[in-house]
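Welcome! Take a moment to look over the sequence and the 3D picture below, and then we will walk through a few places together.

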Amino acid sequence: MGANSSSISELPENEYLQKLSGSEPISENDPFWNQLLSFSFTTPTNSADLKLLEEATISVCKSLVEKNPRTGNLGSLIKVFLSRTKELKISAECQNHLFIWQAHNALFIICCLLKVFISRMSEEELQLHFTYEEKAGPSSYGAECEDLIEELLCCLIQLIVEIPLLYPCQHTDSNWWKWLCSWYRGRYSGGVTSALGDITYSISLEAVTTLIVFLSCQLFHKEILRESIIHRYLMHGRCLPYTSRLVKTLLYNFIRQERSPPPGAHVFQQQTDGGGLLYGIASGVATGLWTVFTLGGVGSKASAQLEQCSPLASQSLLLLLVLANLTDAPDTPNPYRQAIMSFKNTQDNTAFSSSNPHAFQINFNSLYTALCEQQKSDQATLLLYMLLHQNSNVRTYVLARTDIENLVLPILEILYHVEERNSHHVYMALIILLILTEDDGFNRSIHEVVLKNITWYAERVLTEISLGSLLILVVIRTIQYNMTRTRDKYLHTNCLAALANMSAQFRSLHQYAAQRIISLFSLLSKKHNKVLEQATQSLRGSLGSNDSPLPDYAQDLNVIEEVIRMMLEIINSCLTNSLHHNPNLVYALLYKRDLFEQFRTHPSFQDIMQNIDLVISFFSSRLEQAGAELSVERVLEIIKQGAVALPKDRLRKFPELKFKYVEEEQPEEFFIPYVWSLVYSSAVALYWNPRDIQLFTMDSG
């Protein structure tokens, strides 16, 4: 690239890139690297720009893939990057502060090259490109030298966990950072935050992105990778001790949601004393280059996506999800998943278990706030699911919150807008509700939270409604949508399981929620009758002909009857456990009493219909005694009085409805393609050719 590169169109003819991908080996000590890495090229900020960049440099990458086994230039570039980062960390006495800039540029080139290499070769072939051994010379590296893949992976992790993002002098005990802050503070008017903080944001983002690229070999395999060279490096050896710090840092990146620095924010303003930053740096770098260096390009415009969110937070979350869903190694469980399963609140003073060396502490209040605010994205919902399902400390904390509506409302909004969401996002939101409803305390508390003016609920104006009633409305709406559109049995099952878990604690149901419960039963009843009629007509039409097979109406009927029975059990559970708390449900039941006639003698429903029939008969009798032309208010008053008078022992007791979410066997078959589909569609400034993707189809999710 070099100091004179300024646009994507010039890259294929760039003399430095041509030399990098040429036939001549380049030593890591060659001044060429100062020239290559001193570019003011506009770094891409979105996948569209990356696509253009990849298309412009594909000839360079192909040439390097072909010639690198003989030149080892990729390894030399990596060693240059490693040396620059080492200088950042240990050479506080060195006055050459070009390293962080060149380290970023080197990492950007490495990331671009790795993405092409990984998409075109196996891990074994990739490893060969990292183990080039020069035939002669003191700088050869091979079997006796350190493993460059492990060295690079470790360096990336160290960059992520050690580079401070904001006010570095206040957030680290590292002497070299304190010295560097002091140096910049005294030398540049922009201060530490606008200079050092912004440039470290960029290199931190690049390090996270490169780790994602390292793991992207999964994209190019249809089957789930259960043994991987990269996975092995991350789960063993030198990378392993950083597990908890990496997970913690990625979580805090997500929590903080730091915006990317605006274009030009970290331009270093030189003093006019003749010294300046460029004094004494290696030859080959254009004089005054730092006055135009921005890592985003002078005058470039950030994309709308980057203006609205934090690229580092988004990318960190994606990397965290990828790491957490790596398959277990044959000899050890996934340490990143272990870390996610076991971290605790900073206010928790209990001792860590000796069985888990990857446990750590994090501020649960900050984590909870971030989870509440970020639920519009698939990846934030998936993180919430993982934490609730796998980390008992987080689950206990969330269920104890007195502002649980801040978390539940965004989840309900996902389900409400089911037409606009992909199926995986809907599943995760629904399973989160199911996990929450496993707790009786949650089921009671949601009916005590009163909400006002739910603007996104369009079917009816809800000026005041409990969180519990709103939850019921949204879940029922999801069931009805599924019945008419997707007809997904899995979705039905989980919706009904959540309602069943809550049913014994239904309290003061909103009249509209009570109506929708009975309306759903009415819809199921009509569906049941329609399938029965179709089955009868089909059977009659086939009596004189054996040419065509009969449709499997028996299976359809069985599914519908299972759903009907579950709805009857939910209604029965509410009547048995909290009849006196729900006059609106009794009112709706009486208003639509004719619906239940056909199920009284049905062998599949006779037992569960006993209590419902008793309640209908009991309250119908009291209403008849009260006379005709009763107002709604008078009917509700009679129902409330009757609820007190009805002997509880007359209602038959059934086993408590309790459903617990259990992951399917081999959950990785679902989660790994899902996570990588999110990386493919949501990662900042990453592009893969869709024709190369093997793990999932482009319309998955």
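A polar contact is a pair of N or O atoms within 3.5 Å, and within protein one of them must be able to donate a hydrogen and the other to accept it. Keep that in mind for our first stop, and remember throughout that this is a predicted model.

**A strand residue with a polar partner**

Glu464 lies in strand β4, which covers residues 464-466. Its side chain makes a polar contact with the side chain of Lys452, at 2.5 Å. Leaving out residues up to four places away in sequence, Glu464 touches Val450, Leu451, Lys452 and His510. His510 is 46 residues away from Glu464 along the chain, yet the C-alpha atoms of the two are separated by 9.0 Å.

**Two residues side by side**

Is Ser244 buried or exposed? Buried means under 20% relative accessible area, exposed means over 50%, and partly exposed is in between. Ser244 has a relative accessibility of 15%, so Ser244 counts as buried. Glu464 has 43%, so Glu464 counts as partly exposed.

| Residue | Element | Relative accessibility | Class |
|---|---|---|---|
| Ser244 | helix α11 | 15% | buried |
| Glu464 | strand β4 | 43% | partly exposed |

Apart from neighbours within four places in sequence, Ser244 is in contact with His358, Ala359 and Phe360.

**Where two helices cross**

Helix α11, the home of Ser244, runs over residues 243-256. How do α11 and helix α14 (residues 335-342) meet? Their axes come within 9 Å and cross at roughly 60 degrees. The two helices are therefore oblique to each other, and their crossing is right-handed. On the α11 side, Thr243, Leu246 and Val247 make the contact, while α14 brings Pro335, Tyr336, Ala339 and Ile340. Sorted by class, this contact has six nonpolar residues, one polar residue and no charged ones.

**An enclosed helix**

Now find helix α25, residues 583-591. Seven of its nine residues are buried, so α25 is largely enclosed by the rest of the structure. The buried residues are Pro583, Asn584, Leu585, Val586, Ala588, Leu589 and Leu590.

**Stepping back**

How many helices and strands does the protein chain have? Its secondary structure comes to 28 helices and four strands. The chain has 701 residues, and 57% of them count as buried. Among contacts with a separation of 6 or more, 75% are between residues 24 or more positions apart.

Technical notes
Residues are numbered from 1 along each chain as its sequence is written. This is a predicted model: local features need pLDDT of at least 70, side-chain atom pairs count only at pLDDT 80 or more; totals for chains, interfaces and linings use all residues. Side-chain values use heavy atoms; hydrogens and water are left out. Buried means under 20% relative accessible area, exposed over 50%, partly exposed in between (1.4 Å probe, protein chains only). Contact means heavy atoms within 4.5 Å. Axes are lines fitted to C-alpha atoms, for helices over the stretch in contact, and angles run from 0 to 180 degrees between N-to-C directions. Angles under 35 degrees count as roughly parallel, over 145 as roughly antiparallel, 65 to 115 as roughly perpendicular and the rest as oblique. A crossing is left-handed if the near helix is turned anticlockwise from the far one by less than a right angle, and right-handed if clockwise. Ala, Val, Leu, Ile, Met, Phe, Trp, Tyr, Cys and Pro count as nonpolar, Asp, Glu, Lys and Arg as charged, and the others, Gly among them, as polar.
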